[in-house]
Amino acid sequence: MSAEAFGDVLEANEAYAASFDLAGLAPYAGRGLAVLTCMDSRIEPLAMLGLRPGDAKILRNAGARVTDDVLRTLVLAHYLLGVERALIVPHTRCRMAAGSEEAVHDAVSEAGGPDTRSLAFLTTDDAHATLRSDVQRVRSYPYLQGLTVGGFVYDVDTGRLEPVC
Ligand SMILES: [Zn+2]
């Protein structure tokens, strides 16, 4: 690891730690929430929902997709960490909804990357339909029958959540 590559954030962390006030925070989701959203840097998962540290478990990946790893994490969050409700929140203008799987492979290649066709990027050409099926995947998952699940689309231009399912 090259420390100079992270100098800016390490310096910021010094200031953060100097006024750190989250010591003793319980590891449980204080508001009983889990939020699955995209890795998109325009999204502030806590702020957009009026949440504070300690309130919710935040899960992120490209496209806010319900993958096996998301299911694994939700099972742990539900049974061990106080999560009773899960919001699944993809967003408008997501790269994962802007082109085909093939187009993303091509874009990586054109950016100087390797041939990524062995990876499934989980793109969608119908974001609402994909959200509905992802929500249904959680609702029908045998280990998560006690979890309440909702699907919403976050608008990166207005900050609003649109309830979908
Ligand atoms: Zn996205």
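Q: Which residues does T130 touch, not counting residues up to four places away in sequence?
A: T130 touches R65 and T124, where contact means heavy atoms within 4.5 Å. This is a predicted model, in which local features need pLDDT of at least 70 and side-chain atom pairs count only at pLDDT 80 or more, while totals for chains, interfaces and linings use all residues. Residues are numbered from 1 along each chain as its sequence is written, and side-chain values use heavy atoms, with hydrogens and water left out.

Q: Why is T130 called buried?
A: Buried means under 20% relative accessible area, exposed over 50%, and partly exposed in between (1.4 Å probe, protein chains only); T130 has 15% relative accessibility, so T130 counts as buried. T130 lies in helix α5, residues 127-139, a helix being a DSSP run of H or I with at least four residues and a strand a run of E with at least two, both numbered from the N terminus.

Q: What makes up the coordination of the zinc ion?
A: The zinc ion is coordinated by C38 through SG, H91 through NE2 and C94 through SG, at 2.0 to 2.3 Å. Donors are N, O and S atoms within 2.8 Å of the metal (3.2 Å for Na, K and Ca), and sites may look incomplete because water is not among the atoms. C38 in strand β1 (residues 33-38) and H91 in the loop between β3 (85-89) and α4 (101-110) are 53 residues apart, a pair linking distant parts of the chain.

Q: Why is C38 called buried?
A: The relative accessibility of C38 is 5%, and therefore C38 counts as buried.
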